[in-house]
Amino acid sequence: MNKHLTTVAGVAVDTRHWIAGRRVASTGTFPDASPIDGSTLGDIARGTATEADAAVAAAKAAFPGWAATSRAERARILHAIADGVEKRLEELAIVETTDNGALLRSHRRGVMPRVAHNFRFFADWLLTLEHGDFETRGHSNHVSWDPAGPCVLITPWNAPLMLATWKVAPALAAGNTVVLKPAEWSPLTASLLADIAAEAGLPAGVLNVVQGYGSEIGDALTSHPDVRRISFTGSVPTARRIAASAAANLTPLSLELGGKSPLLVFADADLDLAVDLAVEQYDNAGQVCLAATRFLVEESVADEFTRRFVEKASSLTQGDPRDEATDIGPNIHPRQLEKIDGFVQRALAAGARAVIGGHPKEGQYYAPTLLTDVAQDSEIVQEEVFGPVLTLQTFADEEEAIRLANDTRFGLAATLATGDPERAERVTAQLVAGTVWVNCFFVRDLQAPFGGSRLSGVGREGGTWSFDFYCDVKNTVTAPNGWTNHG
Ligand code: NAD
């Protein structure tokens, strides 16, 4: 019996790092618990600077070979990884649900197919990347996307494999090598990804996975002089630490951070649609960076909107995320639950009113909450909660709606419900957000730019933007007689 293997919902998962095509243990471990019932799922390798250095060295050693691999071959291997994801889709779905508590039905039908699609999309996009050749006074300009080198990819727990592969796939497609550091609260599917990539024929050292607490292994990764790109998804405080650490080598960063996005509901909107969009914000127990957590509703329809919202939200089923009938699962960790409740209790103490919820429930669950009577400058309106906690404010006119929508330090997304196309155009032009959805929510095409403004992030990924980030873009200018030797 391999003491480094743990069995989660019948699936064997290796708890060690994956470095240079080998499993590597650490002297220490940390416990990984399921949010469903608090049970320990495994003792995970607790990485330190030693493993960080080994993983970056492996990525550096594998880089020349992978960078020189033809685009067609890289694309073939990425498709083989996607095949492996699809073959193990059920296993990935149940392990992810057990590890992070998000709904099994979402993992089966939406998330894990999307993980496979991440690899297929960037494999195909790689083959169609345009090289924008053009002329300058007879000279030819040739733009190329050259692989940049080893990339450190650091990901959060709310959509572990989806967010990891959204970075891993373009980084590998671009010809780079990778050190992936998943979040310590949901480390398991990254380990399965290492197995799948190896089975698909990805050469040793091209993808490395290191486990551990960010505070212990993070700095060694992000300050490493051999790392050529850092892509991070997570919280603003961690982003600040990573930026400071990356500053030593001026390592280029992509930062996908938190949000406090608005849902604007105008009186001319289809109110049933608006309520559907509003209730969707409880998805993943509110642990979604893009969630429109601030409802801004035109005064004349606010009562009716609230009535219909409460009716619909009250019909949601909260419970075991493995159950097909469940709409809202547990929150990730007791510490997260405490944090959520802290926000709510401080808001209530400051005069907010809980229209629904406002308290934790038995186990690791928080009652879906809607708070009204909240001030624009209050903590609950300004700070990201990352739980099933929404606020509702009203506005008198379009100008006020836009002012309130833009009045936070974030700028990740915005959603608006309106029946007036001209209003939609006017309002979206004035919203500060990386993504705006009009009469819809969460429609995400991988070729679209994705990222946030203000404290919600730095840079954009997606489609060609991903290759711009993960590559050293080079312009080569050749003289008209460039192939002669003047002789
Ligand atoms: P976090 O910042 O606590 O942790 C994210 C990752 O950073 C983890 O892997 C962690 O181990 C690592 N880390 C921690 N300290 C580090 C350090 N000093 N150096 C290097 N790495 C370190 O975030 P979280 O709580 O896991 O995730 C929730 C946050 O992520 C929320 O703010 C949410 O909005 C944001 N998020 C953003 C997006 C997006 O695309 N914009 C998507 C999902 C989540």
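A polar contact is a pair of N or O atoms within 3.5 Å; within protein, one must be able to donate a hydrogen and the other to accept it, and residues adjacent in sequence count only if both atoms are side-chain atoms. The model is predicted, so local features need pLDDT of at least 70, side-chain atom pairs count only at pLDDT 80 or more, and totals for chains, interfaces and linings use all residues. Residues are numbered from 1 along each chain as its sequence is written, and side-chain values use heavy atoms, without hydrogens and water.

Select the ligand, then Thr-155: one of its polar backbone atoms is 2.8 Å from a ligand oxygen. Next, pick Trp-157, where a polar side-chain atom lies 3.0 Å from an oxygen of the ligand.

Now show the shell, the residues with a heavy atom within 4 Å of the ligand. It holds 28 residues, and the closest are Lys-181, Glu-184, Ser-235, Leu-257 and Glu-384.

Colour the shell by domain (bounds come from an automatic or database domain assignment). Domain 1 (5-257 + 452-475) and domain 2 (262-438) each give at least three residues.
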